[in-house]
Every structure is written in structure tokens, then in C-alpha cells.
Amino acid sequence: MATTTPTDVTPPVLPSAAMARPAGPSPMRRALRLLRRNKTAVAGLVILALWLVIAAVAPIIAPYDPLQDQNLKARLQPPSAQYPFGTDDLGRDVFKRVIHGARISIPAGIIVVLAAAAIGITYGAVAGYMGGWTDNILMRLTDLMLAFPLIVLALAIAAVLGPNLRNAAIAAIAVTWAEYARITRGQILAIKNQEYVGAANAVGVPNLRVMLRHILPNAQAPLLVKITTDIGAVILLIAGLSFLGLGDPPPSPEWGAMIALARPKFSAAWWTGTFPGLAILTVVMAFNFLGDGLRDAFDPRGQSHQ
Amino acid sequence: MNLFSFITRRVLVTIPLLLGITLLLFAISRIGGADPIAFIVSERAANDPAIVAAAREKWGLDRPAPEQYLRYVTNLARGDFGLGFTNKRPVAEDLRQFTPATIELAVTATLFAILLGVPLGVIAALYKDRWPDGVARFISLIGVSMPVFWLALVGLEIFYARLNWLPGVGRLDTSMTAPPLVTGFYVVDGLLAGRLDIVRSNLSHLILPSLVLGAFGMGLITRMTRSSVLEVLQMDYVRTARAKGLSEWRVINGHALRNGLIPVVTVIGLLFGGLLSGAVLTETIFAWPGLGRYVVQAAGIRDYPAVMGATLVIAVMFVVVNLAVDILYGVLDPRIRA
């Protein structure tokens with residue numbers, strides 16, 4: 001097969017109009033319409049939008065300085081009108097900390113998954129398109145990555161790299177990319193021998209261009225579903241690592257770290273740990289709702305499988 | 001392909017995978033910037049080059065990386081996981097001690113996940129798009145969205161501290177001592193020792209952590225069961241069964257469930273990985289003396305031999321369970337063997 005030229009590198013964004021179909025709306029547009037009718041997905045979108053707004057306006061509605069915000073005279077106050085989520089053992093406003101935590105967990109989850117997806121999709125695309133022994137070797141490495149339970153490998157990596165949010169994110173990327181490689185490769189193998197790919201090759205379109213313009217857009221439905229649900233899973237993973245002391249150190253308002261801090265006094269001051277936990281739960285649920293809705297919407301059989 | 005060669009091939013494929021796991025773990029332990037020597041010798045001795053050099057030689061840290069890896073693998077093959085940096089005990093002994101507690105918890109959590117997840121999934125499929133389906137899907141989504149460490153804390157607070165319906169942390173009541181060690185599983189060892197009180201205490205201590213740990217698996221199994229049963233319900237043979245006048249109960253029980261549940265078997269392998277991951281967090285909160293808590297404690301003090309040993313055992317358990325699931329699937333569905 002022809003060699004690829006570097007000038008062909010265009011980012012594999014999810015182009016909705018890349019696959020011009022002669023009849024009917026594009027699969028993407030049809031999916032969007034179905035998505036709007038899916039109550040679960042709409043609920044997910046609404047919760048998510050709320051959280052994104054909260055994260056965006058947090059510094060405006062709750063100016064917050066982790067060092068100066070302590071008020072030792074108001075330690076461990078239960079929820080009240082003044083402190084809707086109560087205060088922690090340093091007299092910090094739990095409500096403020098929770099909404100500032102959204103500025104850590106949500107972007108971290110999104111960045112990690114996008115990075116992992118970019119790595120995995122490229123990797124899987126290369127493996128699937130090349131085939132042969134390249135494919136064989138590349139895929140053995142993904143088998144290896146998938147042979148570990150996620151948090152265990154992430155824990156080992158984070159422990160070796162040292163405890164902070166950046167390293168927790170690196171560990172999360174390291175354990176997440178492999179499934180994207182596997183899905184992308186599977187999709188490419190399924191599509192590689194279709195006539196339109198052969199046709200594109202025949203008229204002299206370079207390999208990489210065929211891959212980016214014709215193959216990847218076809219793989220976008222399962223990948224998009226996976227990206228959505230994975231953001232939730234990664235938020236859980238990073239919160240778990242932080243809870244274990246392998247994420248951001250205090251006084252960071254990272255949700256997992258807040259729960260770790262609240263743990264010794266949970267009986268006496270339930271609010272210090274309950275609200276960050278509810279924050280994680282609602283955000284992750286929103287991503288799962290949305291992912292579920294996308295899965296239903298993309299399912300060509302129109303059935304709600306899975 | 002016949003069953004025997006199918007199984008042989010699956011087992012053989014696992015061997016390079018296991019070697020790869022050791023190589024990856026070795027590589028991870030190398031990429032860390034920190035010098036393990038700092039955790040071996042005391043701070044004062046670290047200023048003495050002679051002591052440091054002697055320690056390097058003793059721990060083989062002065063050898064080139066490939067040689068270190070070879071030594072690591074041959075030692076592993078002999079069951080030697082090295083000495084923990086901190087407690088200076090053989091890691092293998094620690095692992096033997098802590099593994100049964102993790103398996104015990106993983107098994108009961110899996111049971112809870114299946115016992116709750118399969119019926120929920122079946123109900124959801126049978127009442128598709130009606131309210132029982134909505135409720136079942138909602139519960140399963142909560143299950144897979146729940147931060148397990150938070151659920152553990154809240155569960156302990158409610159069912160132990162407030163209501164006192166269930167015991168608190170640990171594998172046994174604090175007044176009890178462990179039964180004489182035979183298998184390491186307290187239920188078995190308790191029965192062997194004729195100590196029913198130990199068995200009872202152990203089982204009651206298992207309820208809360210198993211439910212917490214099983215919540216994720218329950219969600220996963222519910223979704224899988226639902227979609228699988230829905231798929232089967234559209235099959236021609238189900239329509240035939242209905243058409244020939246079988247009662248709805250016979251159709252579902254005799255045709256839909258039996259075939260619909262086969263794919264659910266595969267999700268158990270996936271589930272087990274989730275369980276082992278969850279065990280890391282659950283064990284930490286429930287002071288459950290298993291591999292998860294061990295690896296967390298070791299990670300906190302960067303005790304590499306302990307972290308790598310426990311990670312290896314957890315990964316091997318995961319691989320073995322997936323192998324078993326693969327084989328079981330091949331037995332249940334001969335088409336897979338092709």
C-alpha cells in the first residue's frame with residue numbers, strides 16, 4: 001500500500017457531515033433527534049449543564065481562597081441558611097468547596113478521557129489499518145493493559161509517580177486508552193473491506209486520508225457512547241485515587257480528597273462527607289444517563305438494548 | 001474444534017499474557033523517579049556511601065535492568081516475591097495471608113450482584129418501557145455511578161453507627177480471635193474448628209461490605225441481563241413458542257431466560273475486575289485485611305515489592321477468572337469454539 005504523507009494529518013474530530021449520505025438525514029442528526037426524545041438522556045444533559053454552569057460561575061458566586069477561607073470560630077457547623085452544606089473541621093464552607101471541586105473533577109475527567117481516546121483511537125486505527133504483525137504486536141499490548149483491574153494498575157502507577165492530581169490523571173489515561181484502541185481496531189477491520197474504502201483507494205486517496213475521512217466517522221457512534229460513559233468512570237477513578245491520598249493534597253477541594261478528610265468525623269459531622277459524595281454521584285450519573293441515551297439513539301434497530 | 005483443544009489453546013494463550021504482566025509491572029517500578037534505596041536504608045545511613053552501595057548490592061539494584069527483570073521473574077517462578085521494604089517480611093507470606101480475605105469478599109459481592117442484578121434485569125426486559133423497567137434501569141444506573149468508598153462510609157454510618165443492624169469494620173467481632181489457619185477462609189476454618197460463632201460473625205461482617213462492593217456489579221448485570229433477554233424475546237423461536245400456545249410463563253422460563261442468560265456469563269469476568277478494583281477502596285474503609293488494603297498501605301509508603309506483588313496477584317486472579325469465563329462460555333455455546 002502507498003505510504004502516507006504528513007500533510008494529510010487532519011485532526012480526527014467527529015465530523016457530522018463527513019459521511020454524506022444520499023438519502024435521509026445523517027446518522028448523527030438522526031441520533032440527535034432521537035436523543036431529544038429520550039427522557040433519560042435529557043435528564044443527564046440537564047444535570048450536566050447545571051454542573052457545568054456551577055463550575056463556570058463558582059469563582060463569581062463563591063469567591064474562595066483555600067488558605068483564608070477558614071473560620072475557626074465556625075467549625076463543624078451543621079447545614080444552615082448561612083452554610084447550606086455546613087462547615088468542616090477548619091470552619092470552611094462545605095458548599096463553597098463542593099462547587100469549587102466541580103472545577104477540578106469535571107475538567108479532569110473530560111481531559112483524561114479525551115487524551116486516552118485520542119491515543120487509543122490513533123493506536124487502534126494504525127493497528128487495524130496496517131494489519132499483519134504490526135497489528136498483532138500492538139494488540140498484545142492492549143491485551144496486557146486490559147488484563148489489569150483499572151484502579152489497581154492506576155494505584156501502582158500513581159504510587160510510583162508520586163501523589164498529585166497530574167499523576168493521578170496520567171495514571172487514569174494509562175489505564176483507559178486501551179479499550180479505545182480495541183474498539184477502533186474492531187470498527188476498522190469491519191469497514192476496511194467495504195467497497196467505498198476500496199474505491200477511495202482505487203482513485204488514489206492516500207491511506208491516512210481514507211482512514212480519517214471514511215473509516216473513523218463510521219466508528220464514531222460506539223466511540224462517542226464510550227467517551228461519555230468513560231468520563232463518569234474516570235471521575236470515579238480519580239476521586240477514588242484522591243480518596244486514597246494519591247490525588248491532590250489538602251487544602252484542595254477535590255471531592256474524593258474532601259471525603260477522605262471527612263471520614264474520621266463522619267459520625268459527628270455527616271455533612272462534611274455526604275455532600276461531596278452526592279456531587280460525585282450526580283455528575284457521574286449525568287454522564288451515564290447521557291451515554292445510555294446516546295447508545296439508544298445510535299442503535300439502528302431503534303431498540304433500547306444494553 | 002473440540003472442547004479439549006479449545007481449552008488447551010485458551011490456557012496456552014494466557015502464558016505470554018502473564019509474562020507480559022510481570023514485564024509491565026517491572027517497567028512501572030522502573031519509571032518512578034524515586035530511588036528505592038531511600039526507603040531501604042535509614043535517613044542517617046543514606047549519607048554513608050558504603051552502606052548505600054552495600055544495600056544496592058544486597059537488593060540487586062546495581063545490576064542492569066534486563067538482569068534485574070530476569071532475576072525478578074525467576075524469583076517469582078520460585079514463589080519468591082522479595083522482601084517488603086518496610087516490614088522486611090517476605091511479600092509472598094503477606095500475600096498468602098491477605099488473599100483469602102479478598103477472595104471471600106469478592107465471592108460474596110458477586111453473589112449479591114447476581115442475585116439482585118439478574119432478577120432486576122429480567123423484570124426490566126419483561127416490562128420494557130413501563131414503570132418497572134424505569135425503576136430497574138434507574139437502580140442499575142445508580143449502581144454503576146456510585147463512588148464505592150462513599151457508599152461504604154454512608155452504609156457504615158447508617159447500618160452500623162445509627163441503626164446498629166449490622167456489625168462494623170473487620171472480618172470478625174473484635175472479641176474473637178481468628179480460627180486456626182487452614183485455608184484462610186474464616187467460614188471454612190471456623191467450620192473445621194467447630195466454631196459456629198466465628199462462622200456467624202464472619203458472615204454477618206460480610207453483608208455490608210459485600211453489598212457495597214456488589215452495587216457496581218449489580219448495575220452492570222442488570223443492564224446486561226435486560227438487553228440480552230430483550231434480544232432473545234425477539235427471536236423466532238420465542239415467537240414460535242408463543243404461537244404454539246405456550247403460557248407466557250413457559251415461554252419466558254423455558255425459552256427466553258435460558259438463552260438470554262448465556263451472555264450474562266461473560267459479563268462476570270468484567271465484573272470481577274470491577275470487584276477487585278472496588279475491593280481496593282472497600283477494604284480500606286471496612287478495615288478488611290485483604291489484598292486491596294494491603295496494596296493501598298504499601299502504595300502510601302512506596303513499598304515497591306509489596307505493591308508489585310499484590311498488583312501481580314490481583315492481575316493474575318483477574319486473568320484466571322477471565323480464562324475460566326472464556327472456557328465456560330465455550331462449554332455453554334459451542335459456536336464460540338470455532
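**A walk through chain B and its contact with chain A**

In this predicted model, B:Ala287 counts as exposed, because the residue has 12 C-beta neighbours inside 10 Å. B:Ala287 is found in the loop between H12 and H13 of chain B, and although this residue is not a glycine, its phi is positive, at about 45°. A positive phi also occurs at B:Asp129, again a residue that is not a glycine, with a value of about 65°. The position of B:Asp129 is the loop that lies between helix H5 (91–126) and H6 of chain B, and B:Asp129 counts as exposed because it has 8 C-beta neighbours inside 10 Å.

From these two loops one can turn to the chain that carries them. The secondary structure of chain B consists of 14 helices and zero strands, so that, read from the N terminus on, every one of its elements is an α element. The C-alpha trace of chain B spans about 85 × 55 × 40 Å along its principal axes, and 40% of the 338 residues of the chain count as buried. Among the contacts in chain B that join residues at least 6 apart in sequence, 69% are between residues at least 24 apart.

Chain B also meets a partner, with 41 of its residues in contact with 41 residues of chain A. Several helices of chain B give two or more residues to the side that touches chain A, namely H1 (3–31), H6 (131–145), H7 (148–162), H9 (196–233), H12 (262–285), H13 (291–300) and H14 (304–332). The largest share of that side, seven residues, comes from H1(B). Sorted by class, the side of chain B that touches chain A has 27 nonpolar, 10 polar and four charged residues.

Helix H1 of chain B therefore deserves a closer look, given that the largest share of the side touching chain A comes from H1(B), and one residue to begin with is B:Ile21, whose place is in this helix. B:Ile21 counts as buried, because 20 C-beta neighbours lie inside 10 Å of it. Once its neighbours within four places in sequence are left aside, B:Ile21 is in contact with A:Leu144 and A:Ala147 of chain A, and with B:Leu312 and B:Ala315 of chain B. B:Ile21 and B:Gly274, which are 253 residues apart in sequence, are 18 Å apart in space, C-alpha to C-alpha.

H1(B) also packs with helix H5 (residues 150–161) of chain A, at an angle of about 25° and with the two axes 8 Å apart. Because angles under 35 degrees count as roughly parallel, H5(A) is roughly parallel to H1(B). On the side of H5(A) the contact is made by A:Ala156, A:Ile157 and A:Val160, and on the side of H1(B) by B:Ile28, B:Ser29 and B:Ile31. Five of the residues in this contact are nonpolar and one is polar, while none is charged.

The nonpolar interior remains to be described. The largest nonpolar core has 172 residues, and the members that touch the most other members are A:Ala154, A:Leu155, A:Ala172 and B:Val295. Helix H8 (residues 207–243) of chain A gives the most to this core, with 19 residues. With its neighbours within four places in sequence left aside, A:Ala172 is in contact with A:Val112, A:Ala154, A:Val234, A:Leu237 and A:Ile238.

Conventions
Residues are numbered from 1 along each chain as its sequence is written. Chains are lettered from A and ligands numbered from 1 in the order in which they are written. This is a predicted model: local features need pLDDT of at least 70, side-chain atom pairs count only at pLDDT 80 or more; totals for chains, interfaces and linings use all residues. Two residues are in contact if their C-beta atoms, placed from the backbone, lie within 7 Å. Helices (H or I, at least four residues) and strands (E, at least two) are DSSP runs, numbered from the N terminus. Ala, Val, Leu, Ile, Met, Phe, Trp, Tyr, Cys and Pro count as nonpolar, Asp, Glu, Lys and Arg as charged, and the others, Gly among them, as polar. Axes are lines fitted to C-alpha atoms, for helices over the stretch in contact, and angles run from 0 to 180 degrees between N-to-C directions. Angles under 35 degrees count as roughly parallel, over 145 as roughly antiparallel, 65 to 115 as roughly perpendicular and the rest as oblique. A nonpolar core is a set of buried Ala, Val, Leu, Ile, Met, Phe, Trp, Tyr and Cys residues joined through C-beta atoms within 7 Å.
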